[in-house]
Every structure is written in C-alpha cells, then in structure tokens.
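Me: I'd like to go through this model with you, one question at a time. Could you reason each answer out for me?

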Amino acid sequence: NVLIKAATLCGGYIAAGRLEEEEVVRVLSREIEKRDIDSLEQAIKDIRQGIDHGKTRPIRDTVQEEEEALRKIQVEDGDFSFLSEDDSDFAWIQAYSEGRIPHGLDTGSEELDEHFRYKKELVIINGHSNVGKTTVALYMIVNSSIRHGWKWLIYSAENRTSSVKMQLMQMYLDKRVGSMSYGERKAAFKWVQDNFYIVNNDKVYSYLDIMLFMEKVKHQHNIDAVFVDPYNSLRLDLRRSEMQNTHDYHYEAATAFLTFSNTNNVAVWLNMHAVTEAQRRKGDDGLPAAPFAEDTEGGGKFVNRADCFLTIHRKVQAPDPHTRMMSEIHVRKVRETETGGRPTPVGEPFKLMMNSGHTGFLEWGTQKKILQPVSIDIGKQLEMPVDTLRFQMQPNEGFIRTLSGDEEEKSGDEA
C-alpha cells in the first residue's frame, strides 16, 4: 500500500516534468527490495502501475500554481537590473557624435577597410569547398597579428597542425620554407609559437569541447581571437546539449560562440561550407558563382547570429590562369557600421591575387601588398680584424721536437 502511494505521487511529478520515470522505478525498486517481499518482479509491476495512475492525477496543477506564484513574486520584486543604463548609453552617443568612438582596426588596404575591419566580434565565413577559404583566412589572421599584435587560438580539422604552422611561417616572411635559411625558419617558428595556439586535431571535437578550449586558453594566455576551421567538421553531441534536434543544436552553438565573443571581448571566426545546391549555381561566365550568406550549411541561423559575414570565392576552373589565382572577399553583413565597414555591392567583391610563391596576396587593382612581410636579421659571421704588421705566425718548435721523439720511439719498437 505504501509502495503504491509513493509510486502514484511520483507519477504526478513525472507528468509535471519534475522527475525521470526510470530513476523513480530504480529508487523505489531498491527500497522495496530491502524488505521481505514475495516477488520483486511483481513489486516493479505495481510501481509502474502506480506511476501510470499518478500521471493522471492533478499534481501538475499544483506545480503550475507554484510556478505562477513564483513568477508573480519575480514580477513584483522591483528588480529592474535587466534594463540598460541611460547614463552609459548617452555617454556612448555623445562620444559617437564627437567622433571619439574608435573604429575597428585597419587591414592595410584602404579599399578593404571601407568594408571590413578587425573587431572583437563573431565573424562567419562561407564558401565552396577547395576555393582557398582557409588560405585567405590565415593570411588575414597573420596580418592582424603582425599589424595589431593579435594572438590566436586555431582549430583546423582538415589540415595537419604542422602544415598550418608552416603556412603561418611562410606568410610571416613571405617566403617558402625551402627558401628560408635555418635561422629564418627557427625565428619564424618562434614567432608562431609566441602568437598562436594550435589545437591538436587527432580527435574529433564538439562545439562544447571547443568552447572549453577557448575558455582555458583565454584564462591562461589572454588571446584576442579564435579561428574554427571548419565549423561543419565538429561532432554533434546532442547528449551533452539540452536541444533535441540538430536545428536547435546549431542555433545553440551559434549563440554560444556569439555570447563568448561579447562576454570575453574576443573575436571568433567560424569557417563554414556552402550547401551543395549553391555549387550548381553558375555565373554569366559559366563558372560556379559565389554563394550567398543564406547558402551556408545550417541555414540562416548563422547569418542571424553573425556580427560580420564574409564569403570567400575563387574561380578554380577558369581557363585564364590569372583568374584562377584571384580570390574574392564578399562582405555580406556588417552589424555595427558605426565602427567601420559595410557590405560590398553584389557582384563587386574585394579582389586579391596570390603571389607566385603562394606565400601571400596582392590587391588585384593596385598590385600592392596588404601585409608587409617581416625581415629577420639573424646576423652573419664577421671576420676578426688582424693587425698584420704586429702579428706573425711562428713555428711551434716544442711540438716539432715532441713529434720527432715519438717517431724515434716508434721506430725503436718496430726494430
């Protein structure tokens, strides 16, 4: 009788979403097993019958009343801390009117600066596969590090960590590693060590894992930015998420990255693939056209969450070799134009030409370098000055005498 009452009561809480059914069965079974019963199997059946009966009881109404009472208390508690502060908001407006709000950091290109600036915000990048999205992104990352001292955490699932570091080294010096001296390679590698933290990609991680890595590295090293390449490579982990479907899961992930960026003042760049359908869309030249922001795998949730959205495109099948070497940066979205940047007109992207050494880019029109490579002076061996008027080489008479004595002893032994 007591068992049935307990099971019935728990059934009401299960119906209200306060308890898990299997956990109730496990606990009640464990407790009843401690007593002298005829059949545990029958006891478990009674527990489940009691739970089923309890699910029909109006305990959910009681729970609803509790929730409504709690909400009423919260409504009337006088806490309005969720409202923005008028004083700080007006101070920002005043500073903006006087031109005292700092713009985002420059890229080194006046044309690109009109549309994109380095800011501590969530940046989403999309594009077709195999068009060089990672290469262009890494070039912009190296530029931010050299020009503004930004330190980065990088997770690149589709490239060897050694290959990523080598690309960073080559862009840093604008020189192939095979053309570097040993001293230059060591100096460039040391620069990578000092400014970049590369995540080991031997394992497949979820976005929750990456979030943990971001928090740990931020806490220890005070990084400025994070690059996840690509987001689509991350493992789905619905077990550790409160979401029940992939749509909500990815929305949760996008929100988590945005929140981390805002809370920690860290730029977060997510590199993403475009959907297959977008690759079938051709331009007037018959070649695949650049995808739009809404063509991103996962849909508009990432567009909605992004502070800035970029599309990187390259016509890899163009007959003209110069066209094949040209990369396009389409700026699709800039949330905060007050601090610099605005979308590029449709069909008028910022264009870059990769150099012959594949170690950097030039502006398409001006042929100027955005990133000025670093020149490393590793020093050279200097000749020792010798005063030939005072210095003369003298024969070592002692050595000659010793050598002669050794030869005589050797001759005697052989005799």
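**Surface patches, ring pairs and backbone**

Reply: Happy to! Keep in mind that this is a predicted model.

Me: Is glutamate 85 buried or exposed?

Reply: Glutamate 85 sits in the loop between helix 4 (59-75) and helix 5. There it joins Asp86, Asp87 and Asp89 in a negative surface patch. Its relative accessibility is 58%, and the cut-off for exposed is over 50%, so glutamate 85 counts as exposed.

Me: Which residues make the nonpolar surface patch of about 450 Å²?

Reply: One member is tryptophan 92, which is placed in helix 5 (residues 86-97). With a relative accessible area of 38%, tryptophan 92 is partly exposed, and patch members need over 30%. The patch is made by Phe90, Trp92, Ile93 and Tyr96.

Me: What is the angle between the planes of tyrosine 118 and tryptophan 269?

Reply: The structure holds 17 aromatic pairs. In this one the ring centres are 6.4 Å apart, and the pair is stacked, a class that needs planes under 30 degrees apart. The angle between the planes is 5°.

Me: How many residues apart are those two partners, tyrosine 118 and tryptophan 269?

Reply: Both rings are buried, and they link distant parts of the chain. Tyrosine 118 lies in the loop between helix 6 (110-113) and strand 1 (122-127), while tryptophan 269 belongs to strand 5 (residues 267-273). They also share one aromatic cluster with Phe116, Trp150 and Trp152. The separation of the two is 151 residues.

Me: Is the pair of tyrosine 231 and phenylalanine 257 stacked or edge-to-face?

Reply: Tyrosine 231 is in the loop between strand 4 (225-229) and helix 11 (246-264), and phenylalanine 257 is in helix 11. Both residues are buried. Their centres are 6.4 Å apart with 80° between the planes; the cut-off is over 60 degrees, so the pair is edge-to-face.

Me: What is the omega of the cis peptide bond between aspartate 229 and proline 230?

Reply: Proline 230 is found in the loop between strand 4 and helix 11. The bond that joins aspartate 229 to this proline is cis. Its omega is about -15°.

Me: Asparagine 265 has a positive phi although it is not a glycine; what is the value?

Reply: Asparagine 265 has its place in the loop between helix 11 and strand 5. At 47% relative accessibility, this asparagine counts as partly exposed. Its phi is about 55°.

Notes. Residues numbered from 1 in each chain as written. Predicted model: local features only at pLDDT ≥ 70, side-chain atom pairs only at ≥ 80, totals over all residues. Heavy atoms only, no water. Patch = residues over 30% accessible without salt bridge, like charges linked within 9 Å, V, L, I, M, F, W, Y side chains within 5 Å. Areas by Shrake-Rupley, 256 points an atom, 1.4 Å probe, with all protein chains shown as cover. Salt bridge = Lys/Arg side-chain N within 4 Å of Asp/Glu carboxyl O. Helix = DSSP H or I, 4+ residues; strand = E, 2+ residues; numbered from the N terminus. Buried < 20%, exposed > 50% of the residue type's maximum accessible area, 1.4 Å probe, protein only. Lys, Arg positive; Asp, Glu negative; His and termini not counted. Charge placed at Lys NZ, Arg CZ, Asp CG, Glu CD. Phe/Tyr/Trp six-rings, centres within 6.5 Å; stacked < 30°, edge-to-face > 60°.
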